[in-house]
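This report is an introduction for someone meeting the structure for the first time. Please look over the sequence and the model below before reading on.

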Amino acid sequence: MQAALEKYFRLNVPNTEPTGWAFIVIGIALYFVNLYVEHVSRPKEIVQPRPVIEVEFEDKDPFVYTEPSGASGHTIRGYRVKVTNTGPQDIDGCIVYLDRMSSLTEPGFKNAYVPIALITQQQRQQNRRGGEFKLRSGQPKYIEVAWLDERSVESQIVLQYENPAIPNMVKRGDYLLSLVAYGGGPPVSGMYRLCVDGGGYLRFERHSEERAGEQPWAEEIMIVDSKWPVASGFQKRMEHQGFNLRWSRPEKVPSRRTEGYEVMFEVDPKARTKRQIQLKDGSTLIGKRA
(Lines give C-alpha, C1' and ligand atoms only; values in the text may rest on other atoms or scores of the structure.)
Protein backbone atom coordinates (compact mmCIF):
# COMPACT_ATOMS: atom_id res chain seq x y z
CA MET A 1 0.00 0.00 0.00
CA GLN A 2 2.78 2.38 0.95
CA ALA A 3 4.60 1.61 -2.29
CA ALA A 4 1.45 2.34 -4.28
CA LEU A 5 0.92 5.63 -2.48
CA GLU A 6 4.47 6.71 -3.20
CA LYS A 7 4.23 5.71 -6.91
CA TYR A 8 0.80 7.13 -7.86
CA PHE A 9 0.16 9.87 -5.31
CA ARG A 10 3.71 10.79 -4.22
CA LEU A 11 2.75 10.28 -0.59
CA ASN A 12 5.23 8.91 1.92
CA VAL A 13 3.18 7.52 4.77
CA PRO A 14 5.16 6.54 7.85
CA ASN A 15 4.43 3.28 9.58
CA THR A 16 1.11 3.56 11.35
CA GLU A 17 -1.38 1.44 13.15
CA PRO A 18 -3.94 -0.67 11.20
CA THR A 19 -6.64 1.86 12.10
CA GLY A 20 -4.71 4.63 10.37
CA TRP A 21 -4.31 2.49 7.24
CA ALA A 22 -8.06 1.90 7.27
CA PHE A 23 -8.70 5.63 7.13
CA ILE A 24 -6.22 6.02 4.27
CA VAL A 25 -7.94 3.27 2.27
CA ILE A 26 -11.35 4.88 2.88
CA GLY A 27 -10.00 8.25 1.75
CA ILE A 28 -8.63 6.77 -1.48
CA ALA A 29 -11.91 4.96 -2.14
CA LEU A 30 -13.85 8.20 -1.65
CA TYR A 31 -11.52 9.92 -4.11
CA PHE A 32 -12.30 7.40 -6.85
CA VAL A 33 -16.03 7.52 -6.05
CA ASN A 34 -15.92 11.29 -6.48
CA LEU A 35 -14.22 10.91 -9.90
CA TYR A 36 -16.95 8.47 -10.98
CA VAL A 37 -19.74 10.78 -9.83
CA GLU A 38 -18.24 13.70 -11.77
CA HIS A 39 -18.04 11.54 -14.89
CA VAL A 40 -21.66 10.38 -14.64
CA SER A 41 -23.03 13.85 -13.95
CA ARG A 42 -21.10 15.52 -16.79
CA PRO A 43 -23.56 16.87 -19.41
CA LYS A 44 -23.70 14.68 -22.50
CA GLU A 45 -23.78 16.11 -26.00
CA ILE A 46 -27.31 15.88 -27.36
CA VAL A 47 -27.35 14.66 -30.95
CA GLN A 48 -30.53 15.58 -32.80
CA PRO A 49 -31.70 13.00 -35.32
CA ARG A 50 -31.52 14.24 -38.90
CA PRO A 51 -34.42 14.01 -41.32
CA VAL A 52 -34.01 11.29 -43.91
CA ILE A 53 -36.82 12.57 -46.14
CA GLU A 54 -36.32 15.42 -48.60
CA VAL A 55 -39.22 17.33 -50.18
CA GLU A 56 -38.64 19.20 -53.46
CA PHE A 57 -40.64 21.32 -55.90
CA GLU A 58 -39.74 23.03 -59.17
CA ASP A 59 -42.03 24.90 -61.54
CA LYS A 60 -41.50 22.49 -64.43
CA ASP A 61 -42.31 18.97 -65.61
CA PRO A 62 -42.84 16.48 -63.91
CA PHE A 63 -43.78 18.65 -60.92
CA VAL A 64 -46.25 20.40 -63.25
CA TYR A 65 -48.35 18.29 -65.59
CA THR A 66 -51.13 18.88 -68.10
CA GLU A 67 -53.74 16.64 -69.66
CA PRO A 68 -53.15 16.09 -72.48
CA SER A 69 -49.40 16.17 -71.91
CA GLY A 70 -47.66 19.27 -73.24
CA ALA A 71 -50.90 21.18 -73.80
CA SER A 72 -50.69 24.96 -74.05
CA GLY A 73 -53.25 27.55 -73.08
CA HIS A 74 -56.05 26.69 -70.69
CA THR A 75 -56.01 22.97 -69.98
CA ILE A 76 -56.23 20.49 -67.10
CA ARG A 77 -53.22 21.48 -64.99
CA GLY A 78 -51.90 19.77 -61.85
CA TYR A 79 -49.01 20.06 -59.41
CA ARG A 80 -46.89 17.59 -57.44
CA VAL A 81 -44.04 17.63 -54.93
CA LYS A 82 -41.22 15.05 -54.88
CA VAL A 83 -40.38 13.11 -51.72
CA THR A 84 -37.01 11.27 -51.59
CA ASN A 85 -35.56 8.86 -49.01
CA THR A 86 -32.03 10.21 -48.45
CA GLY A 87 -31.20 7.71 -45.68
CA PRO A 88 -29.45 4.32 -45.87
CA GLN A 89 -32.50 2.27 -44.84
CA ASP A 90 -35.84 1.55 -46.53
CA ILE A 91 -38.78 3.31 -44.89
CA ASP A 92 -42.20 1.76 -44.42
CA GLY A 93 -45.18 3.93 -43.57
CA CYS A 94 -44.17 7.22 -45.21
CA ILE A 95 -47.02 9.69 -45.51
CA VAL A 96 -47.50 13.32 -46.62
CA TYR A 97 -50.20 15.47 -45.04
CA LEU A 98 -51.92 18.65 -46.05
CA ASP A 99 -51.48 19.91 -42.51
CA ARG A 100 -52.91 23.43 -42.69
CA MET A 101 -54.71 25.56 -45.27
CA SER A 102 -55.63 29.24 -45.16
CA SER A 103 -56.85 31.86 -47.62
CA LEU A 104 -54.89 35.02 -48.42
CA THR A 105 -58.03 36.80 -49.59
CA GLU A 106 -60.78 35.41 -47.32
CA PRO A 107 -59.89 35.62 -43.60
CA GLY A 108 -62.87 33.47 -42.62
CA PHE A 109 -61.95 30.54 -44.88
CA LYS A 110 -61.63 27.15 -43.19
CA ASN A 111 -60.96 23.69 -44.64
CA ALA A 112 -62.78 21.31 -42.35
CA TYR A 113 -60.86 18.23 -43.55
CA VAL A 114 -57.28 19.19 -42.68
CA PRO A 115 -54.99 17.70 -41.57
CA ILE A 116 -55.51 15.04 -44.21
CA ALA A 117 -53.14 12.74 -46.13
CA LEU A 118 -52.45 13.16 -49.85
CA ILE A 119 -52.05 10.55 -52.59
CA THR A 120 -48.96 9.48 -54.56
CA GLN A 121 -48.76 9.55 -58.34
CA GLN A 122 -48.73 5.72 -58.51
CA GLN A 123 -51.66 5.36 -56.12
CA ARG A 124 -53.74 7.74 -58.24
CA GLN A 125 -52.79 6.10 -61.55
CA GLN A 126 -53.62 2.64 -60.18
CA ASN A 127 -56.89 3.82 -58.61
CA ARG A 128 -55.64 2.86 -55.18
CA ARG A 129 -56.40 4.66 -51.96
CA GLY A 130 -53.70 7.11 -50.93
CA GLY A 131 -52.00 7.63 -47.60
CA GLU A 132 -49.03 5.53 -46.45
CA PHE A 133 -46.38 4.32 -48.90
CA LYS A 134 -42.92 2.72 -48.87
CA LEU A 135 -39.70 4.49 -49.85
CA ARG A 136 -36.57 2.48 -50.56
CA SER A 137 -33.20 4.05 -49.84
CA GLY A 138 -32.56 6.72 -52.48
CA GLN A 139 -36.01 6.30 -54.03
CA PRO A 140 -38.15 9.33 -54.98
CA LYS A 141 -41.94 9.44 -55.28
CA TYR A 142 -44.26 12.19 -56.44
CA ILE A 143 -47.12 13.39 -54.22
CA GLU A 144 -50.19 14.84 -55.92
CA VAL A 145 -51.29 18.19 -54.45
CA ALA A 146 -54.00 19.81 -56.61
CA TRP A 147 -55.36 20.22 -60.13
CA LEU A 148 -57.79 22.45 -62.02
CA ASP A 149 -59.70 22.28 -65.30
CA GLU A 150 -58.77 25.75 -66.55
CA ARG A 151 -60.98 25.38 -69.62
CA SER A 152 -64.13 26.13 -67.61
CA VAL A 153 -64.50 29.33 -65.57
CA GLU A 154 -66.97 27.45 -63.39
CA SER A 155 -64.48 24.75 -62.38
CA GLN A 156 -63.02 24.56 -58.88
CA ILE A 157 -59.61 23.58 -57.52
CA VAL A 158 -59.43 19.86 -56.68
CA LEU A 159 -57.19 18.88 -53.75
CA GLN A 160 -55.66 15.41 -54.01
CA TYR A 161 -56.84 13.79 -50.77
CA GLU A 162 -55.96 10.17 -49.96
CA ASN A 163 -59.64 9.26 -50.27
CA PRO A 164 -61.45 10.87 -53.24
CA ALA A 165 -64.78 10.19 -51.52
CA ILE A 166 -64.03 13.07 -49.14
CA PRO A 167 -65.25 16.43 -50.55
CA ASN A 168 -62.05 17.88 -51.97
CA MET A 169 -62.99 20.97 -53.99
CA VAL A 170 -62.37 24.60 -53.05
CA LYS A 171 -63.40 27.63 -55.06
CA ARG A 172 -60.85 29.53 -57.09
CA GLY A 173 -58.79 31.78 -54.85
CA ASP A 174 -55.41 32.37 -53.26
CA TYR A 175 -54.34 29.88 -50.57
CA LEU A 176 -51.42 28.98 -48.33
CA LEU A 177 -50.79 25.25 -47.82
CA SER A 178 -48.59 23.61 -45.20
CA LEU A 179 -47.35 20.18 -46.32
CA VAL A 180 -45.70 17.82 -43.81
CA ALA A 181 -43.85 14.59 -44.75
CA TYR A 182 -43.42 11.85 -42.12
CA GLY A 183 -41.22 8.75 -42.06
CA GLY A 184 -37.80 7.58 -40.88
CA GLY A 185 -36.95 10.60 -38.72
CA PRO A 186 -38.19 14.07 -37.81
CA PRO A 187 -41.03 15.33 -40.05
CA VAL A 188 -40.20 17.76 -42.86
CA SER A 189 -42.60 20.67 -43.49
CA GLY A 190 -42.89 23.43 -46.07
CA MET A 191 -45.23 26.27 -47.01
CA TYR A 192 -46.67 26.55 -50.52
CA ARG A 193 -48.95 28.99 -52.31
CA LEU A 194 -51.81 27.71 -54.49
CA CYS A 195 -53.87 30.16 -56.53
CA VAL A 196 -55.66 30.89 -59.78
CA ASP A 197 -54.12 33.97 -61.40
CA GLY A 198 -55.91 36.73 -63.27
CA GLY A 199 -55.59 34.80 -66.53
CA GLY A 200 -57.41 31.77 -65.14
CA TYR A 201 -54.29 29.60 -64.77
CA LEU A 202 -53.56 27.42 -61.74
CA ARG A 203 -50.30 28.36 -59.98
CA PHE A 204 -48.30 26.61 -57.26
CA GLU A 205 -45.05 27.79 -55.68
CA ARG A 206 -42.94 27.64 -52.55
CA HIS A 207 -43.86 30.26 -50.01
CA SER A 208 -43.05 31.33 -46.46
CA GLU A 209 -45.82 32.18 -44.01
CA GLU A 210 -43.74 35.03 -42.62
CA ARG A 211 -43.31 36.63 -46.03
CA ALA A 212 -47.04 36.54 -46.68
CA GLY A 213 -47.70 39.07 -43.95
CA GLU A 214 -45.12 41.43 -45.44
CA GLN A 215 -46.81 41.64 -48.84
CA PRO A 216 -49.85 43.91 -48.65
CA TRP A 217 -52.19 43.97 -51.60
CA ALA A 218 -51.61 46.91 -53.95
CA GLU A 219 -54.58 48.68 -55.55
CA GLU A 220 -54.46 50.09 -59.05
CA ILE A 221 -56.89 51.53 -61.58
CA MET A 222 -57.34 49.65 -64.85
CA ILE A 223 -58.83 51.63 -67.75
CA VAL A 224 -60.94 49.52 -70.12
CA ASP A 225 -63.70 49.97 -72.67
CA SER A 226 -67.33 49.10 -72.09
CA LYS A 227 -66.96 45.73 -73.87
CA TRP A 228 -64.13 44.51 -71.60
CA PRO A 229 -66.24 42.77 -68.88
CA VAL A 230 -67.86 40.44 -71.42
CA ALA A 231 -64.88 40.03 -73.76
CA SER A 232 -62.46 39.16 -70.93
CA GLY A 233 -64.80 36.68 -69.26
CA PHE A 234 -64.81 38.79 -66.07
CA GLN A 235 -68.58 39.32 -66.17
CA LYS A 236 -69.24 35.59 -66.51
CA ARG A 237 -66.96 34.80 -63.57
CA MET A 238 -68.67 37.39 -61.39
CA GLU A 239 -72.15 36.20 -62.39
CA HIS A 240 -71.08 32.69 -61.40
CA GLN A 241 -70.28 34.11 -57.95
CA GLY A 242 -73.73 35.72 -57.77
CA PHE A 243 -72.99 39.33 -58.83
CA ASN A 244 -74.97 41.52 -61.19
CA LEU A 245 -72.68 44.17 -62.72
CA ARG A 246 -73.24 47.76 -63.79
CA TRP A 247 -71.29 50.98 -64.40
CA SER A 248 -71.55 53.90 -61.99
CA ARG A 249 -70.35 57.49 -62.10
CA PRO A 250 -67.55 57.93 -59.50
CA GLU A 251 -69.49 60.52 -57.47
CA LYS A 252 -72.38 58.08 -57.11
CA VAL A 253 -70.29 55.11 -55.89
CA PRO A 254 -70.69 55.99 -52.16
CA SER A 255 -74.48 56.05 -52.43
CA ARG A 256 -74.44 52.83 -54.44
CA ARG A 257 -72.56 51.19 -51.57
CA THR A 258 -75.50 51.95 -49.27
CA GLU A 259 -77.70 50.02 -51.72
CA GLY A 260 -75.52 46.90 -51.40
CA TYR A 261 -73.22 47.43 -54.37
CA GLU A 262 -69.49 46.70 -54.20
CA VAL A 263 -66.63 48.03 -56.29
CA MET A 264 -65.35 45.27 -58.58
CA PHE A 265 -61.66 44.43 -58.84
CA GLU A 266 -59.62 42.36 -61.28
CA VAL A 267 -57.42 40.36 -58.89
CA ASP A 268 -53.87 39.26 -59.72
CA PRO A 269 -52.88 36.88 -56.86
CA LYS A 270 -49.34 36.36 -58.15
CA ALA A 271 -48.59 40.11 -58.07
CA ARG A 272 -50.88 40.61 -55.04
CA THR A 273 -52.59 43.43 -56.92
CA LYS A 274 -56.25 44.46 -57.08
CA ARG A 275 -57.20 46.60 -60.11
CA GLN A 276 -60.29 48.78 -59.95
CA ILE A 277 -62.05 48.70 -63.32
CA GLN A 278 -62.94 52.06 -64.86
CA LEU A 279 -63.88 53.65 -68.16
CA LYS A 280 -62.06 56.68 -69.56
CA ASP A 281 -64.75 58.99 -68.17
CA GLY A 282 -64.17 57.63 -64.65
CA SER A 283 -67.22 55.36 -64.54
CA THR A 284 -66.52 52.49 -62.14
CA LEU A 285 -67.61 48.87 -62.49
CA ILE A 286 -69.70 47.83 -59.48
CA GLY A 287 -71.67 44.74 -58.61
CA LYS A 288 -74.42 43.57 -56.29
CA ARG A 289 -75.13 40.04 -55.18
CA ALA A 290 -78.37 38.74 -56.59
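Which kind of link joins the side chains of Asp99 and Arg100? The two side chains meet in a salt bridge, with 3.9 Å from N to O. The model is a predicted one, and every value in this report is computed from it.

## Overall make-up

The protein contains 7 helices and 19 strands. Of its 290 residues, 39% are buried. Among contacts with a separation of 6 or more, 61% are between residues 24 or more positions apart. About 17,300 Å² of the protein is exposed, and carbon and sulfur atoms supply 52% of that area.

## Salt bridges

How many salt bridges does the structure hold? The count is 17. The table gives three of these pairs.

| Pair | Closest N to O distance |
|---|---|
| Asp99 and Arg100 | 3.9 Å |
| Arg237 and Glu266 | 3.2 Å |
| Glu259 and Arg256 | 3.5 Å |

The surroundings of these residues can be described pair by pair. Asp99 has 26% relative accessibility and counts as partly exposed. Its partner Arg100 is partly exposed as well, with a relative accessible area of 41%. Both values fall between the limits of 20% and 50% that set off buried from exposed residues.

Arg237 and Glu266 form a salt bridge in which the closest N and O atoms are 3.2 Å apart. Arg237 belongs to helix H6 (residues 234-240) and Glu266 to strand E17 (residues 265-268), so this pair ties together parts that are 29 residues apart in sequence. Are Arg237 and Glu266 buried or exposed? Both of them are buried.

The pair of Glu259 and Arg256 has one residue in each of two classes. Glu259, with a relative accessible area of 39%, is partly exposed, whereas Arg256, at 17% relative accessibility, counts as buried. The value for Arg256 counts as buried because the class takes in residues under 20%.

Salt bridges also link Arg80, Arg124 and Glu144 in a network.

## Aromatic pairs

The count of aromatic pairs is 10. One of them joins Tyr79 and Phe204: their ring centres are 5.7 Å apart and their planes stand at 40 degrees, so the pair is tilted. Which parts of the chain does this pair tie together? Tyr79 is in strand E3 (residues 76-85) and Phe204 is in strand E13 (residues 202-207), so the parts joined are 125 residues apart in sequence. Tyr79 and Phe204 are both buried.

Tyr113 and Tyr161 form another tilted pair, with 6.5 Å from centre to centre and 50 degrees between the planes. Here the residues lie in loops: Tyr113 in the one between strand E4 (91-103) and strand E5 (116-117), and Tyr161 in the one between strand E9 (157-159) and strand E10 (169-170), so the pair ties together parts that are 48 residues apart in sequence. Tyr113 counts as partly exposed at 38% relative accessibility, while Tyr161 is buried, with a relative accessible area of 4%.

Tyr79 and Phe204 also belong to an aromatic cluster, which they form with Phe57, Phe63, Tyr142 and Tyr192.

## A surface patch

Tyr31, Phe32 and Leu35 make a nonpolar surface patch of about 300 Å². Within this group, Phe32 is found in helix H2 (residues 18-41). Phe32 counts as partly exposed, at 46% relative accessibility.

## A buried residue in strand E19

Thr284 is located in strand E19 (residues 284-289). With a relative accessible area of 2%, Thr284 is buried. Which residues is Thr284 in contact with, leaving aside its neighbours within four places in sequence? They are Arg246, Trp247, Ser248, Val253, Val263, Gln276, Ile277 and Gln278.

## Cysteines

How many disulfides does the structure hold? The number is 0. Cys94 counts as buried at 1% relative accessibility, and Cys195 counts as buried at 3%.

Key: Residues numbered from 1 in each chain as written. Predicted model: local features only at pLDDT ≥ 70, side-chain atom pairs only at ≥ 80, totals over all residues. Heavy atoms only, no water. Disulfide = S-S within 2.5 Å. Buried < 20%, exposed > 50% of the residue type's maximum accessible area, 1.4 Å probe, protein only. Helix = DSSP H or I, 4+ residues; strand = E, 2+ residues; numbered from the N terminus. Contact = heavy atoms within 4.5 Å. Areas by Shrake-Rupley, 256 points an atom, 1.4 Å probe, with all protein chains shown as cover. Salt bridge = Lys/Arg side-chain N within 4 Å of Asp/Glu carboxyl O. Patch = residues over 30% accessible without salt bridge, like charges linked within 9 Å, V, L, I, M, F, W, Y side chains within 5 Å. Phe/Tyr/Trp six-rings, centres within 6.5 Å; stacked < 30°, edge-to-face > 60°.
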